[in-house]
Amino acid sequence: MYHHVKKLMFTVRVDEPDPRFGNMLLEQFGGANGELAAAMQYSIQGLNCEDPDRKDLLMDIGTEELSHLEVVGTLARLHLKPSKFDREAAEADPLIAIAGGGGVNLFNSQGNAWTADYLKITGELDVDLRSNIAAEARAKIVYERLINFTDDAGTRDALQFLMTREITHMKAFALALESMGKPAFSIGRLAPTPGLVDQFFNDSTGSGDHGEIDTRGPWNEGGDWVFTESPAIQAGEPGAASSIVTESSPPADESGLSDLLMDELRDILHAEKQLTKALPKMAEAARFDQLCELFEQHLIETEAQIERINECFELLGKTPRAKPCKGMMGLIEEGQEIMTQSEDKEDAAADLALIGAAQRVEHYEMSGYTTARNLAQQLRHSAVVALLSKSLAEEENADQLLNQVARSLMSVAKMPAAIEQG
């Protein structure tokens, strides 16, 4: 919870009010790099943070930024005070003087309203910490420039305090990022394309009247860098083969992911083939027409899914070959038992039991397709990803349709008589 203490974090003193400078101060009150933006950015990052240690850091600094907002607001208000009664001072900023009565509001120095678009929040802790370091650096520069435009001693003291705290926060964020132990360029979870990540494109060329010199430095030479001619120049040379490492080039598989993908596809292929034999029996066992039609429709989808899996094998240069799927064997056997046991049940109850068996099958298939799709995505087999995604969407839709039928059946099922109260 928040608790307001009626004491500024830094005591503000203004000896000679300057309404024009007060307007400049609004940049740090309601501007893109101001204290409100910082307070909101860090606090919301903190609310989203699952790391309790760094959550505490974000909330501590976010709360301090609210204190800084109060200091800046007080400082700006004291400089703007003459605009309440002095015509010449009011002309420095009519918006503040006339519409705001000479007080501060959530505007920047140009009169633009504060917006949440200023906030940089990604939900990735290391990325957010880097944004925060950059935000503090920008705020430090703004305070430095403000100090250069005032001779008021009390104002300079307050701005020096605020500028210094920006560096303090930069240090804290930088050390928090370092303590996470992540490599500097390890962003997110997906690895960049090998080769492409180390290519530096020489996209700005020429000399003399046609441009500046081509400069070499640690940002484009040495280490793993590959200095590459501009893609535009490559494209302009007849018969020239592009040396760009394309996104579609699959990475070297050193972790066995390709073998794992093949195992998943072979497992799914066998599972789907078993299901083509089981679905006609389930359709025949269904008592309600809606459920029977649903099973018949899913049989058609399943046959199409088998064709897609075969296409995946072709795209990967492999022969379609199924691997016995014991999981699906067990689910189908369990479904057969349910159909046998339901012969003496009421129609709604029998079909609800059948739907339960069918949904267990759907969820098993959904997990298989999800795993295979994610592996294909990591290996950058985009065409395979598209095929698996389509089948996964069909399985998810089938599950939703089974839910809808189940809800309908529950509404017509005979409910037990209410127990009479004695």
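Me: A salt bridge is a side-chain nitrogen of Lys or Arg within 4 Å of a carboxyl oxygen of Asp or Glu, so how many salt bridges does this structure hold?

Reply: The structure holds 10 salt bridges, and a word on the source should come before the cases. This is a predicted model, in which local features need pLDDT of at least 70 and side-chain atom pairs count only at pLDDT 80 or more, while totals for chains, interfaces and linings use all residues. Residues are numbered from 1 along each chain as its sequence is written, and side-chain values use heavy atoms, with hydrogens and water left out.

Me: Which side chain does arginine 360 meet in a salt bridge?

Reply: Arginine 360 meets the side chain of glutamate 334, with N and O 2.8 Å apart. To place the two residues we need helices, which are DSSP runs of H or I, at least four residues long and numbered from the N terminus. Since arginine 360 belongs to helix α13 and glutamate 334 to helix α12 (residues 326–341), the pair ties together parts that are 26 residues apart in sequence. Arginine 360 is partly exposed at 39% relative accessible area, and glutamate 334 is partly exposed too, at 33%; here buried means under 20%, exposed over 50%, and partly exposed in between (1.4 Å probe, protein chains only). Elsewhere, Asp126, Arg130 and Lys182 are joined into one network by salt bridges that share partners.

Me: How many residues apart are lysine 140 and glutamate 144 in helix α7?

Reply: They are 4 residues apart, which means a separation of about one helical turn. The salt bridge between lysine 140 and glutamate 144 brings their closest N and O atoms to 2.5 Å, and glutamate 144 is partly exposed, with 32% relative accessible area. Aspartate 51 and arginine 54 also join their side chains in a salt bridge, at 2.5 Å from N to O, although in this case arginine 54 counts as buried, with a relative accessibility of 15%.

Me: What should I notice about the backbone at arginine 380?

Reply: Arginine 380 has a positive phi of about 60°, although it is not a glycine. You will find arginine 380 in the loop between α13 and α14, where a relative accessible area of 16% makes it buried.

Me: How far apart in space are glutamate 296 and proline 280?

Reply: Their C-alpha atoms are 7.0 Å apart in space, while 16 residues separate the two in sequence. Glutamate 296 lies in helix α11 and is partly exposed, at 42% relative accessibility.

Me: How many cavities does the structure hold?

Reply: On a 1 Å grid over the protein atoms alone, a cavity is a set of points where a 1.4 Å probe fits but cannot get out, and lining residues have an atom within 4 Å of a point. The structure holds 3 cavities of 30 Å³ or more, and the largest has a volume of about 120 Å³. Its lining has 17 residues, with Ala32, Asn33, Gly34, Ala38 and Ala135 nearest the centre. Helix α3 gives the most to this lining, 5 residues, and α3 and α7 (125–148) each supply at least two.

Me: Which residues line the second largest cavity?

Reply: The second largest cavity has a volume of about 80 Å³, and its lining includes Leu275, Met282, Phe295, His298, Glu362 and Leu402. The elements giving two or more residues to that lining are α10 (257–285), α11 (289–315), α13 (347–378) and α14 (382–412).

How values were computed: On a 1 Å grid over the protein atoms alone, a cavity is a set of points where a 1.4 Å probe fits but cannot get out, and a pocket is an open set with protein on both sides within 12 Å along at least five of seven lines; lining residues have an atom within 4 Å of a point. Grid points are joined across faces, edges and corners, and a volume is the space filled by probe spheres set on the points.
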